[in-house]
Amino acid sequence: MSRWLIEAVRPSRWLRWSAVVIERERVWLQPARGRAPGDDGANAGWACATWPQRLFDQPVHDALAATLGATLRQALQSASCGPPPPGRPVHVCLPDPLVFALHYRLDRRLRGRSALHALLRWRLQRDLALPQPPALAAQALGVRGGQQEVLAFGAPQDWIDTLVEALRASGLDPWDMKPGLCWRFEQWHGRSGCSGAGVLARSSPDSLSALAWDGGGRPRLYRARWRTGNSGEVEAFAQSFAHECRLAREGGLIDRLDAVHALCQGRAGGEGH
């Protein structure tokens, strides 16, 4: 079973693995030695395919996994470096708006991951009025004032199951799944050597997202939304996230922010910092 995880920054050896970047209208496949988006020559060696239908604007149906698997196989065959060996582990970058996150302070520490995750699934489903319990990942943030702090990430379980099935049908083994912004943050934070808390914001043709982290490189606040095409939506999203950051600082959730960084993605898929 693939690991649906959001964790602190990992050692650089993890970053040499292939990645599958899923977007609303297309999918990008990174070869094992390809460069990360934002590097010079970011698109070199990447394979791209367009989904036969726009994803995430429709309900999941039985034939969807097979359709997506066929598109992934087509993209793998077109890769300049050739398809990876069957069953090769890959990082899976989900569209940022597919993932949601809430911060919780728990009155008592629960023993065991399963008990904690069961509680957080229930809390997310209740607090966000979700039709079903979500797929979940939890970022532990330590204990403060006798309370256990955790950032709970969730995503629709039916979409996670469908994407995992499609990836395996194409010969790929999803090692972990996380928002694209968190994946990019891990790569950028590991290379930059920056210290202190900060914010990473990303603007792409189909979504807007932002992540605030603490001095230990742990996500503390995450927000993302689909673009609507309305005038001023970027400014409105930035102002809303800045307001949440101020409230989080006042509530002791995040430290003083030392830096703000932005990623902008163009039509070709490359990104500039």
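Here is a friendly exchange about a predicted model and the reasons behind some of the terms used for it.

Me: Before the details, what makes up the protein in terms of helices and strands, and how much of the protein is buried?
Reply: The protein has five helices and 13 strands. Of its 273 residues, 48% are buried. As for contacts between residues at least 6 apart in sequence, 65% of them join residues at least 24 apart.

Me: Why is Leu-29 called buried?
Reply: The cut-off for buried is under 20% relative accessible area. Leu-29 has 7%, so the residue counts as buried. Leu-29 belongs to strand β2, residues 26-30. Its C-alpha atom is 8.6 Å from that of Leu-72, a residue 43 positions away along the chain.

Me: What makes Pro-174 buried or exposed?
Reply: Pro-174 has a relative accessibility of 1%, and the limit for buried is under 20%, so Pro-174 is buried. This proline sits in strand β8. Between the C-alpha atoms of Pro-174 and Leu-163 there are 9.2 Å in space, with their positions 11 residues apart in sequence.

Me: Leu-163 brings us to helix α3. How do you know that the span of α3 agrees with what is expected?
Reply: Helix α3 covers residues 157-169, which is 13 residues. At 1.5 Å a residue the helix should span 18 Å, and the C-alpha atoms at its ends are 18 Å apart, so the two values agree.

Me: Which residues of α3 are buried, and what do they pack against?
Reply: The buried ones are Trp-159, Ile-160, Thr-162, Leu-163, Val-164, Ala-166 and Leu-167. They pack against β1, α1 (64-78), β4, β6 (135-144), β7 (147-155) and β8 (172-179). Just after the helix, Gly-171 has a positive phi of about 95 degrees.

Me: What makes a positive phi worth pointing out in Phe-56?
Reply: Most residues other than glycine have a negative phi. Phe-56 is not a glycine, yet its phi is positive, at about 70 degrees. You will find Phe-56 in the loop between β3 (47-50) and α1. With a relative accessible area of 12%, under the 20% limit, Phe-56 is buried.

Me: And Ala-129, which also has a positive phi: why is it called exposed?
Reply: Exposed requires over 50% relative accessible area. Ala-129 has 66%, so the label exposed applies. Its phi is near 55 degrees, and Ala-129 is a residue other than glycine. The residue lies in the loop between α2 (113-127) and β6.

Me: How do you know that Cys-182 is not in a disulfide?
Reply: A disulfide is a covalent bond between the sulfur atoms of two cysteines. The rule here asks for sulfur atoms within 2.5 Å. The closest cysteine sulfur to that of Cys-182 is in Cys-93, at 9.8 Å, so the pair is too far apart for a bond. By this rule, the count of disulfides comes to zero.

Me: Are these cysteines buried or exposed, taking Cys-182 and Cys-245?
Reply: Cys-182 is at 3% relative accessibility, so Cys-182 counts as buried. Cys-245 is buried too, with a relative accessible area of 5%.

Me: Let us turn to the empty spaces. What makes a space a cavity, and how many are there?
Reply: In a cavity a 1.4 Å probe fits but cannot get out. A search of the whole structure finds two cavities of 30 Å³ or more. The largest has a volume of about 90 Å³. Its lining has 15 residues, and Ile-22, Glu-23, Pro-95, Asp-96 and Arg-202 lie nearest the centre. At least two lining residues each come from β1 (18-22), β4 (88-94) and α4 (180-192). By class, the lining has six nonpolar, four polar and five charged residues.

Me: What lines the largest pocket, and which element gives the most?
Reply: This pocket has a volume of about 250 Å³. Two or more lining residues come from each of β9 (197-203), β10 (207-213), α5 (233-250) and β12 (257-265). Helix α5 gives the most, with six residues. In total 17 residues line the pocket, with Ala-201, Arg-202, Ala-210, Phe-237 and Ala-238 nearest its centre. The lining divides into 14 nonpolar, two polar and one charged.

Methods:
Residues are numbered from 1 along each chain as its sequence is written. This is a predicted model: local features need pLDDT of at least 70, side-chain atom pairs count only at pLDDT 80 or more; totals for chains, interfaces and linings use all residues. Side-chain values use heavy atoms; hydrogens and water are left out. On a 1 Å grid over the protein atoms alone, a cavity is a set of points where a 1.4 Å probe fits but cannot get out, and a pocket is an open set with protein on both sides within 12 Å along at least five of seven lines; lining residues have an atom within 4 Å of a point. Grid points are joined across faces, edges and corners, and a volume is the space filled by probe spheres set on the points. Helices (H or I, at least four residues) and strands (E, at least two) are DSSP runs, numbered from the N terminus. Ala, Val, Leu, Ile, Met, Phe, Trp, Tyr, Cys and Pro count as nonpolar, Asp, Glu, Lys and Arg as charged, and the others, Gly among them, as polar. The expected span of a helix is 1.5 Å times one less than its number of residues. Buried means under 20% relative accessible area, exposed over 50%, partly exposed in between (1.4 Å probe, protein chains only). Contact means heavy atoms within 4.5 Å.
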